[in-house]
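Biologist: Could you take me slowly through a single part of this model and then show how its chain relates to another copy?

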4 protein chains.
Amino acid sequence: MSDSKASGAVSAEARSVPELGAALSNTGRWGEDDEKGTLNFITAEHTLRAARLVKTGRTVAASHPFVMEATPAKPRPGWHRMLYRENGTSACDAIMIEPHGSEITHIDALGHVSMDGTVYNERPFSQVITRDGLAFGSVLPLAEGIATRGVLLDIPASRGVDFLERGAEVNVADLERAEEWAGVRVDAGDAVIVRTGLEARERVTGPMPHDVRSGLGRDCIAWLHERSAATFGGDCFERLPSGDEKYTHPLHSVGLARMGLVLIDNIAVEDLSAACAEELRWEFFFVVAPLRIPKATGSPVNPLCIF
Amino acid sequence: MSDSKASGAVSAEARSVPELGAALSNTGRWGEDDEKGTLNFITAEHTLRAARLVKTGRTVAASHPFVMEATPAKPRPGWHRMLYRENGTSACDAIMIEPHGSEITHIDALGHVSMDGTVYNERPFSQVITRDGLAFGSVLPLAEGIATRGVLLDIPASRGVDFLERGAEVNVADLERAEEWAGVRVDAGDAVIVRTGLEARERVTGPMPHDVRSGLGRDCIAWLHERSAATFGGDCFERLPSGDEKYTHPLHSVGLARMGLVLIDNIAVEDLSAACAEELRWEFFFVVAPLRIPKATGSPVNPLCIF
Amino acid sequence: MSDSKASGAVSAEARSVPELGAALSNTGRWGEDDEKGTLNFITAEHTLRAARLVKTGRTVAASHPFVMEATPAKPRPGWHRMLYRENGTSACDAIMIEPHGSEITHIDALGHVSMDGTVYNERPFSQVITRDGLAFGSVLPLAEGIATRGVLLDIPASRGVDFLERGAEVNVADLERAEEWAGVRVDAGDAVIVRTGLEARERVTGPMPHDVRSGLGRDCIAWLHERSAATFGGDCFERLPSGDEKYTHPLHSVGLARMGLVLIDNIAVEDLSAACAEELRWEFFFVVAPLRIPKATGSPVNPLCIF
Amino acid sequence: MSDSKASGAVSAEARSVPELGAALSNTGRWGEDDEKGTLNFITAEHTLRAARLVKTGRTVAASHPFVMEATPAKPRPGWHRMLYRENGTSACDAIMIEPHGSEITHIDALGHVSMDGTVYNERPFSQVITRDGLAFGSVLPLAEGIATRGVLLDIPASRGVDFLERGAEVNVADLERAEEWAGVRVDAGDAVIVRTGLEARERVTGPMPHDVRSGLGRDCIAWLHERSAATFGGDCFERLPSGDEKYTHPLHSVGLARMGLVLIDNIAVEDLSAACAEELRWEFFFVVAPLRIPKATGSPVNPLCIF
């Protein structure tokens with residue numbers, strides 16, 4: 001298969017980020033007006049097969065609580081205020097959300113990130129981003145919903161450690177070892193969830209700034225392409241610093257802006273990891289429902305993992 | 001069963017709203033500290049059985065797009081602004097959400113509404129509502145997720161009409177006719193979704209103020225209790241005006257504050273209705289994932305109905 | 001004069017807060033629909049005389065910078081975000097303001113505080129406060145502007161100390177000693193500005209929670225009434241705790257809700273104090289321009305003191 | 001004088017906007033780190049002289065009420081919500097402000113607008129604008145306050161008409177005719193306020209979109225420079241459309257980014273015009289107190305005109 005060949009070549013040559021983008025591009029693959037990217041891998045058939053993974057009904061909600069107070073690690077918290085109601089019998093509130101950053105569990109719309117001036121499907125970023133929101137690649141098309149197989153690749157568990165060190169790089173070999181350890185194989189349309197044990201580590205080390213962060217190495221981008229993952233998320237994204245000063249977030253750049261790979265940042269994986277261990281399976285029905293916010297660059301989400 | 005008897009008595013006597021609240025109260029039923037109310041009807045077993053309803057994988061996202069511009073029908077829109085990013089390669093935004101009112105699809109936390117000074121589980125409203133949010137009955141406990149059987153009771157379809165008239169009342173007889181017509185029976189742990197055809201009507205009449213609104217009559221509250229519904233929602237809630245000047249929203253008052261009945265307001269039912277008709281079944285896997293917003297009175301949601 | 005007698009009686013008897021409110025009430029004094037309260041003391045003649053105090057043109061802006069990041073002393077900061085502009089040549093932003101609390105320099109609208117169920121001019125608070133804002137006593141009438149004589153009563157300077165201790169009470173004797181020391185006498189229509197040296201103290205002690213705060217004793221309320229002050233402000237308001245559990249802020253309650261005394265909270269007085277000492281006069285032209293925010297409970301202000 | 005010569009040359013040659021910017025630049029004039037621009041023309045002596053213009057004490061607050069509901073002419077209104085307070089005796093609120101646009105009366109910080117990549121004092125815009133606000137030329141330095149002579153140039157009154165037509169251009173000849181008619185001459189340090197009668201016209205024509213707007217022609221920019229105006233504002237700014245597709249707002253570009261001319265947009269001039277006519281003088285003490293909002297691009301203001 002050409003995809004496979006392309007990606008093999010990439011691993012071998014360690015191409016530059018733009019070359020990687022060109023090699024892995026899904027431009028036009030689902031039509032030139034497509035805004036759903038790799039969610040197109042999820043057919044009704046996939047959803048059906050994934051639903052059959054439900055065997056006990058156990059459900060894990062894999063999001064973090066919103067951070068509403070500033071901390072050193074989260075200097076730009078949300079804003080939540082109770083509103084006055086005349087009737088005095090009901091309680092209402094207003095909540096300010098910024099659906100990105102390193103704490104809130106959120107989905108990235110495909111137009112959130114550009115690379116060399118264009119976003120997914122080769123739309124010029126200058127035309128996509130407007131004062132009123134995204135004219136292309138907003139979160140709205142993603143809000144038709146994601147219901148597919150989720151696969152947890154639990155890197156530290158597969159290695160027999162509690163967590164990866166700060167700034168550790170996860171490579172294809174790690175992903176495949178975790179697959180083997182769990183007895184699953186990531187396939188087209190799957191939601192790939194990678195655990196590095198960030199929270200487990202911070203319970204030991206205390207919170208640390210997220211400018212240095214364990215996460216995927218560059219070879220994993222091609223692997224996600226090769227496997228036709230529908231979405232990627234976890235307690236990591238790319239390893240930071242990535243080593244590229246210009247393309248500081250290669251997975252975000254190549255993934256969102258070239259592959260149309262839908263990213264779900266900051267999935268809460270600790271409870272999920274424990275549940276997988278107890279259920280003795282690392283695959284489950286994975287349901288995510290982004291909010292229908294017109295022209296928005298992302299949405300907070302609360303992914304449900306149903307065993 | 002005592003529940004059934006109580007409710008029969010209610011229908012017969014047309015008790016006052018406080019009497020209805022007393023008769024249908026679930027205080028203490030799931031422990032005095034419980035904040036999940038009728039979601040407790042959803043056991044893992046229910047989730048499992050509901051997941052087995054997935055037969056084609058077709059998915060309908062049953063929420064309305066956020067309203068971000070003021071209209072006569074929606075005078076208090078959200079606020080959405082694109083934020084400046086130094087890097088110039090990514091697009092971010094801030095979104096202000098008020099998770100109640102007559103347009104945004106949202107879930108009500110149990111502490112959202114009080115009745116005669118208390119909320120669910122007999123907590124004094126004065127202690128529940130604080131300047132910083134709800135001290136009890138916030139949306140957080142609901143954010144463990146809802147995954148159960150959804151049943152659409154399509155009132156106009158079951159009557160062979162396009163929509164109910166503005167301000168029409170739906171009674172138990174209507175609910176049961178819709179059940180019969182669809183060949184389903186609402187049972188413990190189900191999500192009950194009622195369609196009155198509000199949007200279908202407004203496509204004909206144009207938008208109309210929502211102070212007069214078709215919806216459930218008072219007898220339906222006892223019926224939802226009797227059937228042990230896990231959650232209720234639709235394109236309606238109670239009929240407005242309810243006829244009671246003090247308890248203007250009896251379903252919200254008795255439901256939230258006495259039964260602990262989780263409400264999902266403003267579910268988008270038109271596409272769902274069409275899908276049910278095509279699939280020829282009015283039951284499906286119903287998945288809702290409220291956001292983990294600490295102390296919040298509700299959350300915007302995008303319910304997924306998976307066939 | 002009856003005012004003087006009433007106030008003498010008050011000092012002697014140490015009446016309760018409601019009695020004080022009744023004794024000092026300005027209800028109806030400027031008409032039953034009046035919303036400007038003690039600003040009515042400022043006639044064009046007062047403004048003219050005050051302008052003649054300008055002798056050097058030196059100007060001191062007596063407000064604190066907005067706090068935009070949470071600190072222990074300021075847990076509810078403002079919210080400031082740069083907005084994206086398509087043109088790329090201009091910079092815009094959005095700023096969330098809450099015009100009360102212990103840091104932001106702001107003016108209180110007369111409807112901001114009620115006492116025993118009514119605000120200024122005996123309007124029921126339940127009718128004044130609505131979901132959309134204040135129906136009476138908003139900041140709008142105050143926004144016609146304040147231009148009058150400002151008098152700084154520099155309590156620590158008049159005592160020859162750097163600052164008052166935390167929680168120290170300022171009494172009428174202190175106010176009058178400061179007048180005498182400065183060679184000024186507060187008269188009808190004046191803006192009374194009291195300095196206790198809060199910032200000077202916190203430069204020594206570090207920031208301390210403001211639940212214990214030096215400020216005016218109860219006798220000063222009658223004094224402000226007797227002198228027909230147009231507005232009161234400073235680095236203090238009432239001494240906290242006030243010693244009254246029910247009426248925790250007697251100056252705010254009696255002042256705003258009975259006297260219609262316009263309050264300017266958290267005036268920045270350190271530079272002003274230094275300027276007065278250099279100019280060797282403690283009176284100046286005092287100009288405050290609240291923003292025209294319809295129905296608002298207050299406004300941030302930046303008072304200008306012109307010598 | 002060289003300024004005069006330069007400007008005379010400009011009028012004669014109708015130079016391009018960049019040439020105009022170069023000719024009128026005040027770069028370095030008050031130091032390379034200066035952020036106050038033309039406010040430096042206001043010395044204490046000016047303030048003193050201006051205060052002496054106070055002869056009756058009459059005060060006009062020259063700002064418009066905030067627009068809090070969307071209208072066709074104001075699609076991006078502010079956001080104002082009453083907040084819940086536990087004590088039940090005080091009323092508080094939150095107010096979202098965007099201090100630019102065509103309705104809110106506001107002051108522009110010098111860093112608000114760039115031209116050919118730089119703002120005032122030749123700072124690169126890319127370094128000035130940051131995600132957290134303006135690193136140079138914010139509103140903070142302007143918040144030391146403006147207290148100077150205000151001069152109203154009432155163009156329609158001086159021509160004997162009620163208002164200028166939509167889109168009419170005001171030229172130097174108009175400004176000087178208005179001076180002569182009023183018997184005043186704009187001089188160094190003055191606040192120049194121009195009235196075209198926009199509101200008077202819209203009372204007749206109804207509100208009209210502000211993309212076509214009467215305002216200053218390009219020759220007036222040099223005139224403001226020549227006269228050493230400290231600030232410019234009114235019911236107009238530049239005439240729109242300006243006729244230049246690239247530099248759509250020459251007065252904002254050359255004024256803010258080259259001259260460091262502080263602009264006060266959307267001053268409410270109708271009451272002021274009436275007051276001037278009654279007082280029979282078109283000069284007054286003009287006091288503006290921008291809020292101390294760190295790094296902000298502007299501030300709402302309520303200018304006070306004291307006669």
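Modeller: In this predicted model, C:Gly150 has C:Ala191 as its bridge partner in β11(C), a strand that covers residues 191-195 of chain C. Strands here are DSSP runs (E, at least two residues), numbered from the N terminus. C:Gly150 belongs to a wider match, for strand β9 (residues 146-154) of chain C is joined to β11(C) by five bridges, and the two run parallel; strands count as paired if DSSP finds at least two bridges between them. β11(C) also pairs in the parallel sense with strand β13 (residues 231-234) of chain C, over four bridges, and there C:Ile193 stands opposite C:Gly233.

In a regular strand the side chains alternate between the two faces of the sheet. Both faces of β11(C) are covered, with C:Ala191, C:Ile193 and C:Arg195 buried on one side and C:Val192 and C:Val194 buried on the other, where buried means under 20% relative accessible area (1.4 Å probe, protein chains only).

Turning to the chain as a whole, chain C can be laid on chain A by a turn of 180 degrees and a shift of 0.0 Å along the axis, with an RMSD of 0.0 Å, after least-squares superposition on the C-alpha atoms of residues with pLDDT of at least 70 in both. That is the relation of a two-fold axis. Within chain C, the C-alpha nearest this axis is that of C:Ala70, 3.1 Å from it. The same surface serves both copies, as 100% of the contact residues of chain C recur in chain A, contact being heavy atoms within 4.5 Å.

Residues are numbered from 1 along each chain as its sequence is written, while chains are lettered from A and ligands numbered from 1 in the order in which they are written. Local features need pLDDT of at least 70, side-chain atom pairs count only at pLDDT 80 or more, and totals for chains, interfaces and linings use all residues, while side-chain values use heavy atoms, with hydrogens and water left out.

Technical notes:
Buried < 20%, exposed > 50% of the residue type's maximum accessible area, 1.4 Å probe, protein only.
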